[in-house]
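With the structure open in your viewer, please follow this tour from the whole chain down to a single pair of residues, making each selection as it is named.

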Amino acid sequence: MNEDALKALQAAIPAEHIRTDDAERYRASMDNMRFSRLPSAVIHPAEEDELAAVLKIANQYLIPITARGAGSATTGATTPEVDGWVIDLSSWKNLHIDAGAMMAFVQPGVTIQAIDDAAREHGLFFPPDPGSKKFATIGGALACNAGGLRGAKYGVTRDYVFGLEGLMANGEFVKWGANLRKYVSGYNIRDLWIGSEGTLGIITGAVLKLLPTPASRVTLLAAFSDERSALETVRKILEARLTPAILEFLDSETVECFRRSERVDELPDWMRAFLDGPVLLIEFDGHQAEVDESFATLREILGAQKIHFKSTTDEDEAEVLWTIRRGSSKAMFQLGNTKLNEDIVVPLEAQIPLLGVIEKLRQSTGLPCPTFGHAADGNFHVHIMYNREDQASCEKAKKGINELMQAVVELGGVITGEHGVGLAKSPFLRLQHSAFEVDLMQRLKLLFDPNNILNPGKMFEPFEVWEHPREEVKMPWDH
Ligand SMILES: Cc1cc2nc3c(=O)[nH]c(=O)nc-3n(C[C@H](O)[C@H](O)[C@H](O)COP(=O)(O)OP(=O)(O)OC[C@H]3O[C@@H](n4cnc5c(N)ncnc54)[C@H](O)[C@@H]3O)c2cc1C
């Protein structure tokens, strides 16, 4: 621990905002990847001046700083450096909705769910919807450019940001964008901050875009005999220029996991027809006429192929159609006690070839790889299931992830579509980017943060996940 830095910190901000007890340090030592590195202090600044003072001291004493929201990142992006300082902004929860302007003004600790709930009171909504939205903060979502299920129609967090403000590594206050719908003054550093995983600055406020709540919605579950025909249907849906809000693909291995789980007993008898193979879960929302028209076209597409489906506009029945999707992630743990959840993206024309890649992966590793995905985006979650106590199983998983990443890049895809790089994907960054591109990113980082204090060691330095043990802890979002 750097005692001089700590003394300077104690002189600059109230003692009760600095936590050095073991429990707090341990809590802030990891994210959902569960790789722990103990910081020497966890700082809860009350406001921006305090945060600026912390950054100035950290910059002077070269203390690594990791900003933290809910710690739900899955890549180790929120794991601090040993003896670094964590800046916990989860209590910064101011939220104001300007219904007329259809904007939300938020501090970084507000959860995505809270923004959406507040917007809905005004007939508006906040479209980004990561599965973790009850817990995930907007600061973390901006820093990871989080996506979610509704990406098919509504895109990702970046698509809903007018302005950001925050602090640079040296404590300087900056504003990128504003509460304006158009803004092209100077370089677009706002978008550079989004997705930068806390390496370029600390976000202290954001102006977000809200949309009117759709007036109507229809939900549909369709059963297929094989994955290929399910993804061919995805293609037909997109080629028909339909824009579903949700277009989820679940492969047969995923559905089989659900079928063997205890949640299967929740299903009414008519849902059993959806447990024998891959499924697509589809939702359209918008004005009634638009939804009706889209739904009619979809019926034609499915009817022409004699595909069995069930649709509803009733909210409770829609929840039943969602049961397999909601229950399948947990159900996968029958196949192994550890999951590598890869969030790769491939172009539309590579979706069917990706099926071949996954099948090859199963054969070459002997491991189950249940896969589901946001098919309209080409964003698939390939889950490599293994047992972490078993060395042979770990070796196979390691081989599997290398093969998968290589194949995805060869298909013209990307190694991560929503979770980000953090530590977990850092070994694959150079598969995706040329040496020049990585070097340029690193030079940019040093321009923003010359002493490399902001979340160092992330993205660029290949991290050997396999050499580090995983903590056995229950997190708030665990089932
Ligand atoms: C069950 C579960 C489901 C998930 N589902 C999805 C999903 O559907 N889609 C998806 O995209 N992700 C998903 N995630 C990943 C994760 O929840 C999101 O990336 C989320 O946005 C992270 O928010 P957080 O508050 O937990 O951030 P944290 O984990 O606290 O931080 C994440 C990163 O942001 C940085 N950071 C945090 N706050 C700030 C700030 N104020 N300024 C600068 N940098 C900051 C951190 O340093 C870190 O690098 C899921 C995770 C879990 C556990």
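**From the whole chain to one sheet**

Begin with the entire chain of this predicted model: among the contacts that join residues at least 6 apart in sequence, 73% are between residues at least 24 apart. Keep the whole chain selected and turn the C-alpha trace along its principal axes, where its span is about 70 × 60 × 45 Å. The radius of gyration is 23 Å, which agrees with the value near 23 Å that a compact globule of 479 residues would have. If you colour by burial, 46% of the 479 residues count as buried, and if you switch to a cartoon, the secondary structure amounts to 15 helices and 18 strands.

Next, select the open sheet that four strands form with mixed pairing, in the order 1-2-4-3. Its edges are strand 1 (18-19) and strand 3 (65-68), each of which pairs on one side only.

Now move to residues 41-43, which make up strand 2, and add residues 85-88, which make up strand 4; these two strands run parallel and are joined by three bridges. Which residue of strand 4 is the bridge partner of Val42? Display Val42 together with Val86, for Val86 is that partner.

Finally, add residues 48-61 to the selection: this is helix 3, which packs on the sheet and touches strand 2, strand 3 and strand 4. Looking at helix 3 alongside strand 4, you will find that their directions make an angle of about 165 degrees.

Conventions. Residues are numbered from 1 along each chain as its sequence is written. This is a predicted model: local features need pLDDT of at least 70, side-chain atom pairs count only at pLDDT 80 or more; totals for chains, interfaces and linings use all residues. Two strands pair if DSSP finds at least two bridges between them. Two residues are in contact if their C-beta atoms, placed from the backbone, lie within 7 Å. Axes are lines fitted to C-alpha atoms, for helices over the stretch in contact, and angles run from 0 to 180 degrees between N-to-C directions. The radius of gyration is taken over C-alpha atoms; the globule rule is 2.2 Å times the number of residues to the power 0.38. A residue is buried if 20 or more other C-beta atoms lie within 10 Å of its own, exposed if 12 or fewer, and partly exposed in between; C-beta atoms are placed from the backbone.
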